[in-house]
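Q: I'd like a close look at a single strand and the partners it pairs with. Please be generous with detail, and then fit other local features around it.

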Amino acid sequence: MSSATRIARMAIAGTGRMAMAVAAALERDGDTEVAGHWSRGGDLSALLANADVLVDFTLPEATTAIAEACEDRRCPLVCGVTGLDAAGEAAIERAAAAIPVVYDRNMSVGIAALTAALPELAAALGPGYRVAISETHHVHKKDAPSGTALKLGEALTAALPDVSIDYSSERRGEVPGDHEVCFESASETVRLAHSVVTRDVFADGAVRAARWVLGRAPGRYAMRDVLSAE
Ligand SMILES: NC(=O)c1ccc[n+]([C@@H]2O[C@H](COP(=O)([O-])OP(=O)(O)OC[C@H]3O[C@@H](n4cnc5c(N)ncnc54)[C@H](OP(=O)(O)O)[C@@H]3O)[C@@H](O)[C@H]2O)c1
(Lines give C-alpha, C1' and ligand atoms only; values in the text may rest on other atoms or scores of the structure.)
Protein backbone atom coordinates (compact mmCIF):
# COMPACT_ATOMS: atom_id res chain seq x y z
CA MET A 1 0.00 0.00 0.00
CA SER A 2 1.48 3.45 -0.87
CA SER A 3 1.78 6.15 1.80
CA ALA A 4 -0.97 8.09 -0.01
CA THR A 5 -3.43 5.28 0.57
CA ARG A 6 -2.15 4.10 3.95
CA ILE A 7 -4.86 3.82 6.56
CA ALA A 8 -4.49 6.71 9.00
CA ARG A 9 -4.65 5.95 12.71
CA MET A 10 -6.82 8.49 14.43
CA ALA A 11 -6.95 8.90 18.19
CA ILE A 12 -10.00 10.51 19.76
CA ALA A 13 -9.95 12.52 22.99
CA GLY A 14 -13.26 12.27 24.81
CA THR A 15 -16.05 9.72 25.02
CA GLY A 16 -19.03 12.09 24.88
CA ARG A 17 -21.58 12.93 22.19
CA MET A 18 -19.11 14.32 19.65
CA ALA A 19 -16.35 11.79 20.32
CA MET A 20 -18.83 8.97 19.70
CA ALA A 21 -20.07 10.67 16.52
CA VAL A 22 -16.45 10.87 15.29
CA ALA A 23 -15.93 7.17 16.05
CA ALA A 24 -19.06 6.39 13.99
CA ALA A 25 -17.80 8.64 11.16
CA LEU A 26 -14.52 6.71 11.13
CA GLU A 27 -16.43 3.48 10.73
CA ARG A 28 -18.08 4.98 7.64
CA ASP A 29 -14.67 6.13 6.32
CA GLY A 30 -12.71 3.15 5.04
CA ASP A 31 -9.34 4.95 4.98
CA THR A 32 -9.06 5.66 8.68
CA GLU A 33 -9.02 3.56 11.80
CA VAL A 34 -9.49 4.43 15.45
CA ALA A 35 -6.13 4.29 17.25
CA GLY A 36 -7.97 4.55 20.55
CA HIS A 37 -9.99 6.83 22.81
CA TRP A 38 -8.46 8.95 25.52
CA SER A 39 -10.52 9.70 28.58
CA ARG A 40 -9.85 11.18 32.00
CA GLY A 41 -6.96 9.38 33.74
CA GLY A 42 -5.80 7.56 30.60
CA ASP A 43 -2.21 7.62 29.26
CA LEU A 44 -2.46 10.14 26.44
CA SER A 45 1.23 10.02 25.61
CA ALA A 46 1.12 6.25 25.03
CA LEU A 47 -1.97 6.63 22.83
CA LEU A 48 -0.31 9.36 20.74
CA ALA A 49 2.73 7.15 20.21
CA ASN A 50 0.47 4.91 18.10
CA ALA A 51 -1.58 7.61 16.36
CA ASP A 52 -1.08 9.76 13.25
CA VAL A 53 -3.48 12.47 14.44
CA LEU A 54 -5.64 13.30 17.47
CA VAL A 55 -9.19 14.62 17.29
CA ASP A 56 -10.16 16.47 20.48
CA PHE A 57 -13.82 16.73 21.47
CA THR A 58 -13.46 17.08 25.22
CA LEU A 59 -14.24 20.28 27.13
CA PRO A 60 -12.04 23.36 27.71
CA GLU A 61 -10.71 21.99 31.03
CA ALA A 62 -8.86 19.25 29.12
CA THR A 63 -7.73 21.06 26.00
CA THR A 64 -4.56 22.73 27.32
CA ALA A 65 -3.08 19.39 28.46
CA ILE A 66 -4.14 17.74 25.19
CA ALA A 67 -2.53 20.46 23.05
CA GLU A 68 0.68 20.20 25.10
CA ALA A 69 0.78 16.40 24.77
CA CYS A 70 0.31 16.65 20.99
CA GLU A 71 3.07 19.25 20.80
CA ASP A 72 5.44 17.04 22.85
CA ARG A 73 4.66 13.98 20.71
CA ARG A 74 4.64 15.98 17.45
CA CYS A 75 1.18 14.59 16.74
CA PRO A 76 -1.11 16.72 14.51
CA LEU A 77 -4.24 17.95 16.30
CA VAL A 78 -7.82 18.62 15.24
CA CYS A 79 -9.69 20.40 18.03
CA GLY A 80 -13.38 21.27 18.00
CA VAL A 81 -13.78 22.26 21.65
CA THR A 82 -15.71 25.50 22.15
CA GLY A 83 -15.63 27.96 25.03
CA LEU A 84 -11.81 27.99 25.36
CA ASP A 85 -10.47 30.59 27.79
CA ALA A 86 -7.31 32.63 27.18
CA ALA A 87 -5.10 29.79 28.51
CA GLY A 88 -6.73 27.28 26.13
CA GLU A 89 -6.37 29.65 23.19
CA ALA A 90 -2.71 30.22 24.11
CA ALA A 91 -2.11 26.45 24.29
CA ILE A 92 -3.54 26.03 20.79
CA GLU A 93 -1.30 28.86 19.51
CA ARG A 94 1.81 27.36 21.16
CA ALA A 95 1.08 23.90 19.77
CA ALA A 96 0.53 25.38 16.30
CA ALA A 97 4.09 26.70 16.32
CA ALA A 98 5.35 23.09 16.45
CA ILE A 99 2.64 20.93 14.83
CA PRO A 100 -0.25 21.41 12.38
CA VAL A 101 -3.46 22.21 14.28
CA VAL A 102 -6.95 22.55 12.84
CA TYR A 103 -9.03 24.43 15.38
CA ASP A 104 -12.60 25.34 14.55
CA ARG A 105 -15.64 25.98 16.70
CA ASN A 106 -17.85 24.53 13.97
CA MET A 107 -16.74 21.74 11.63
CA SER A 108 -19.79 21.79 9.33
CA VAL A 109 -19.56 22.73 5.68
CA GLY A 110 -22.72 24.82 6.00
CA ILE A 111 -21.37 27.09 8.74
CA ALA A 112 -18.04 27.43 6.89
CA ALA A 113 -19.97 28.64 3.83
CA LEU A 114 -22.22 30.93 5.87
CA THR A 115 -19.23 32.44 7.69
CA ALA A 116 -17.52 33.11 4.37
CA ALA A 117 -20.64 34.77 2.94
CA LEU A 118 -21.42 36.98 5.95
CA PRO A 119 -18.80 39.73 5.51
CA GLU A 120 -19.94 40.36 1.93
CA LEU A 121 -23.59 40.48 2.94
CA ALA A 122 -22.84 42.73 5.91
CA ALA A 123 -20.75 45.09 3.78
CA ALA A 124 -23.49 45.22 1.13
CA LEU A 125 -26.18 46.05 3.69
CA GLY A 126 -24.01 48.60 5.48
CA PRO A 127 -24.28 49.94 8.99
CA GLY A 128 -27.97 50.90 9.09
CA TYR A 129 -29.28 47.57 10.42
CA ARG A 130 -29.76 46.12 13.89
CA VAL A 131 -27.91 42.80 14.00
CA ALA A 132 -28.90 39.84 16.15
CA ILE A 133 -27.37 36.35 16.36
CA SER A 134 -29.51 33.75 18.07
CA GLU A 135 -28.68 30.13 18.77
CA THR A 136 -30.46 27.11 20.22
CA HIS A 137 -28.69 24.01 21.57
CA HIS A 138 -29.39 20.96 23.72
CA VAL A 139 -29.62 21.41 27.48
CA HIS A 140 -26.21 19.74 28.11
CA LYS A 141 -24.24 22.45 26.35
CA LYS A 142 -21.95 24.31 28.75
CA ASP A 143 -20.91 27.50 26.91
CA ALA A 144 -23.11 30.43 25.82
CA PRO A 145 -23.19 32.13 23.40
CA SER A 146 -22.09 29.11 21.39
CA GLY A 147 -18.65 29.08 19.77
CA THR A 148 -20.42 29.20 16.41
CA ALA A 149 -22.40 32.32 17.33
CA LEU A 150 -19.17 34.03 18.36
CA LYS A 151 -17.45 32.87 15.17
CA LEU A 152 -20.27 34.35 13.07
CA GLY A 153 -20.08 37.55 15.11
CA GLU A 154 -16.34 37.82 14.51
CA ALA A 155 -16.89 37.42 10.76
CA LEU A 156 -19.46 40.24 10.87
CA THR A 157 -17.20 42.50 12.90
CA ALA A 158 -14.44 42.03 10.34
CA ALA A 159 -16.74 43.64 7.75
CA LEU A 160 -18.46 46.16 10.04
CA PRO A 161 -16.04 47.01 12.86
CA ASP A 162 -18.53 49.22 14.70
CA VAL A 163 -21.45 46.78 14.52
CA SER A 164 -23.24 46.06 17.77
CA ILE A 165 -24.48 42.47 17.92
CA ASP A 166 -27.32 41.32 20.13
CA TYR A 167 -26.59 37.65 21.07
CA SER A 168 -29.25 35.35 22.48
CA SER A 169 -29.04 31.70 23.52
CA GLU A 170 -31.70 29.10 24.23
CA ARG A 171 -31.11 25.62 25.73
CA ARG A 172 -33.86 23.15 24.85
CA GLY A 173 -34.19 19.36 24.62
CA GLU A 174 -31.62 17.65 22.41
CA VAL A 175 -31.30 20.29 19.64
CA PRO A 176 -27.85 19.65 18.03
CA GLY A 177 -27.40 23.28 16.90
CA ASP A 178 -29.50 26.05 15.29
CA HIS A 179 -28.11 29.50 14.44
CA GLU A 180 -29.70 32.56 12.89
CA VAL A 181 -28.18 35.89 11.90
CA CYS A 182 -30.79 38.60 11.49
CA PHE A 183 -30.33 42.08 10.01
CA GLU A 184 -33.26 44.36 10.68
CA SER A 185 -34.04 47.92 9.58
CA ALA A 186 -37.26 49.89 9.82
CA SER A 187 -38.23 48.64 6.36
CA GLU A 188 -36.83 45.12 5.92
CA THR A 189 -35.41 42.01 7.56
CA VAL A 190 -32.68 39.75 6.19
CA ARG A 191 -32.19 36.35 7.86
CA LEU A 192 -29.55 33.67 7.40
CA ALA A 193 -30.21 30.43 9.24
CA HIS A 194 -28.41 27.12 9.72
CA SER A 195 -29.84 24.02 11.39
CA VAL A 196 -27.94 20.87 12.18
CA VAL A 197 -29.99 17.73 11.59
CA THR A 198 -27.44 15.30 13.06
CA ARG A 199 -23.98 15.63 14.67
CA ASP A 200 -22.66 13.57 11.75
CA VAL A 201 -22.08 16.86 9.93
CA PHE A 202 -19.54 17.93 12.59
CA ALA A 203 -18.02 14.46 12.86
CA ASP A 204 -17.58 14.09 9.10
CA GLY A 205 -15.99 17.56 9.04
CA ALA A 206 -13.59 16.60 11.84
CA VAL A 207 -12.57 13.40 10.02
CA ARG A 208 -12.08 15.41 6.84
CA ALA A 209 -9.89 17.87 8.77
CA ALA A 210 -7.92 15.04 10.36
CA ARG A 211 -7.17 13.47 6.99
CA TRP A 212 -6.25 16.88 5.57
CA VAL A 213 -3.92 17.88 8.40
CA LEU A 214 -1.67 14.82 7.99
CA GLY A 215 1.68 15.89 6.59
CA ARG A 216 0.92 19.66 6.76
CA ALA A 217 3.46 22.21 7.95
CA PRO A 218 3.10 23.42 11.55
CA GLY A 219 0.52 26.18 11.82
CA ARG A 220 -2.98 27.01 12.94
CA TYR A 221 -5.65 26.12 10.41
CA ALA A 222 -9.45 26.30 10.29
CA MET A 223 -12.20 24.50 8.36
CA ARG A 224 -12.03 27.17 5.64
CA ASP A 225 -8.43 26.02 4.96
CA VAL A 226 -9.49 22.37 4.87
CA LEU A 227 -12.38 23.05 2.51
CA SER A 228 -10.59 25.51 0.23
CA ALA A 229 -7.57 23.26 -0.27
CA GLU A 230 -9.49 20.11 -1.29
N1 LIG B 1 -16.44 22.19 16.50
C2 LIG B 1 -17.63 21.61 16.28
O3 LIG B 1 -18.06 21.42 15.14
C4 LIG B 1 -18.43 21.16 17.47
C5 LIG B 1 -19.66 20.54 17.29
C6 LIG B 1 -20.36 20.09 18.41
C7 LIG B 1 -19.81 20.28 19.68
N8 LIG B 1 -18.62 20.93 19.81
C9 LIG B 1 -17.96 21.11 21.09
O10 LIG B 1 -17.27 19.89 21.38
C11 LIG B 1 -17.13 19.74 22.80
C12 LIG B 1 -17.67 18.38 23.22
O13 LIG B 1 -19.06 18.35 23.01
P14 LIG B 1 -19.92 17.06 23.43
O15 LIG B 1 -21.34 17.39 23.13
O16 LIG B 1 -19.31 15.81 22.88
O17 LIG B 1 -19.69 17.08 25.02
P18 LIG B 1 -19.88 15.86 26.04
O19 LIG B 1 -20.83 14.85 25.50
O20 LIG B 1 -20.19 16.51 27.36
O21 LIG B 1 -18.44 15.19 26.11
C22 LIG B 1 -17.36 15.85 26.71
C23 LIG B 1 -16.20 14.86 26.88
O24 LIG B 1 -15.11 15.60 27.44
C25 LIG B 1 -14.61 14.86 28.56
N26 LIG B 1 -14.02 15.77 29.54
C27 LIG B 1 -14.58 16.85 30.11
N28 LIG B 1 -13.73 17.43 30.97
C29 LIG B 1 -12.61 16.67 30.96
C30 LIG B 1 -11.34 16.75 31.62
N31 LIG B 1 -11.08 17.72 32.50
N32 LIG B 1 -10.41 15.80 31.34
C33 LIG B 1 -10.68 14.82 30.46
N34 LIG B 1 -11.85 14.69 29.78
C35 LIG B 1 -12.80 15.61 30.04
C36 LIG B 1 -15.83 14.15 29.13
O37 LIG B 1 -15.40 13.11 29.93
P38 LIG B 1 -16.19 12.70 31.28
O39 LIG B 1 -17.40 11.96 30.78
O40 LIG B 1 -15.21 11.89 32.03
O41 LIG B 1 -16.56 13.99 31.96
C42 LIG B 1 -16.52 13.71 27.83
O43 LIG B 1 -15.92 12.53 27.33
C44 LIG B 1 -17.88 20.95 23.39
O45 LIG B 1 -16.96 21.99 23.64
C46 LIG B 1 -18.85 21.36 22.29
O47 LIG B 1 -19.26 22.69 22.36
C48 LIG B 1 -17.92 21.37 18.73
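Strand β6 and its surroundings

A: Let's start with one residue pair: V131 stands opposite I165, which belongs to β7. Before going on, please note that this is a predicted model, in which local features need pLDDT of at least 70 and side-chain atom pairs count only at pLDDT 80 or more, while totals for chains, interfaces and linings use all residues. Residues are numbered from 1 along each chain as its sequence is written, and side-chain values use heavy atoms, with hydrogens and water left out.

β6 and β7 (residues 165-171) run parallel and are joined by 7 bridges. Two strands count as paired if DSSP finds at least two bridges between them; strands are DSSP runs of E with at least two residues, helices are runs of H or I with at least four, and both are numbered from the N terminus. β6 itself covers residues 130-137 and also pairs with β8 (residues 178-184), this time in the antiparallel sense and again over 7 bridges. Here I133 has V181 of β8 as its bridge partner, and S134 has E180 of β8. As a general point, side chains in a regular strand alternate between the two faces of the sheet.

E180 lets us step further, as its bridge partner in β9 is A193. β8 pairs with β9 (residues 189-195) in the antiparallel sense over 7 bridges, and a hairpin of 4 residues links these two strands.

Now back to β6 and the loop between it and α6 (147-159), where P145 lies. The peptide bond leading from A144 to P145 is cis, with omega near -10°. Another backbone feature sits in the loop between α3 and β4 (77-79), the place of R74: R74 is not a glycine, yet its phi is positive, at about 55°.

Finally, the ligand. It is surrounded by 22 residues, of which the closest are T15, M18, R40, T82 and M107; to be near, a residue needs a heavy atom within 4 Å. This shell divides into 8 nonpolar, 7 polar and 7 charged residues, where Ala, Val, Leu, Ile, Met, Phe, Trp, Tyr, Cys and Pro count as nonpolar, Asp, Glu, Lys and Arg as charged, and the others, Gly among them, as polar.

Oxygen atoms of the ligand come up in several short distances. A backbone N or O atom of T15 is 2.8 Å from one, a side-chain N or O atom of R40 is 2.8 Å from one, and a polar side-chain atom of K141 is 2.9 Å from one. On its own the ligand exposes 930 Å², and the protein buries 80% of that, with areas from the Shrake-Rupley method and a 1.4 Å probe. Two elements, α1 (17-28) and α3 (60-73), give two or more residues to the shell around the ligand.

Notes:
A polar contact is a pair of N or O atoms within 3.5 Å; within protein, one must be able to donate a hydrogen and the other to accept it, and residues adjacent in sequence count only if both atoms are side-chain atoms.
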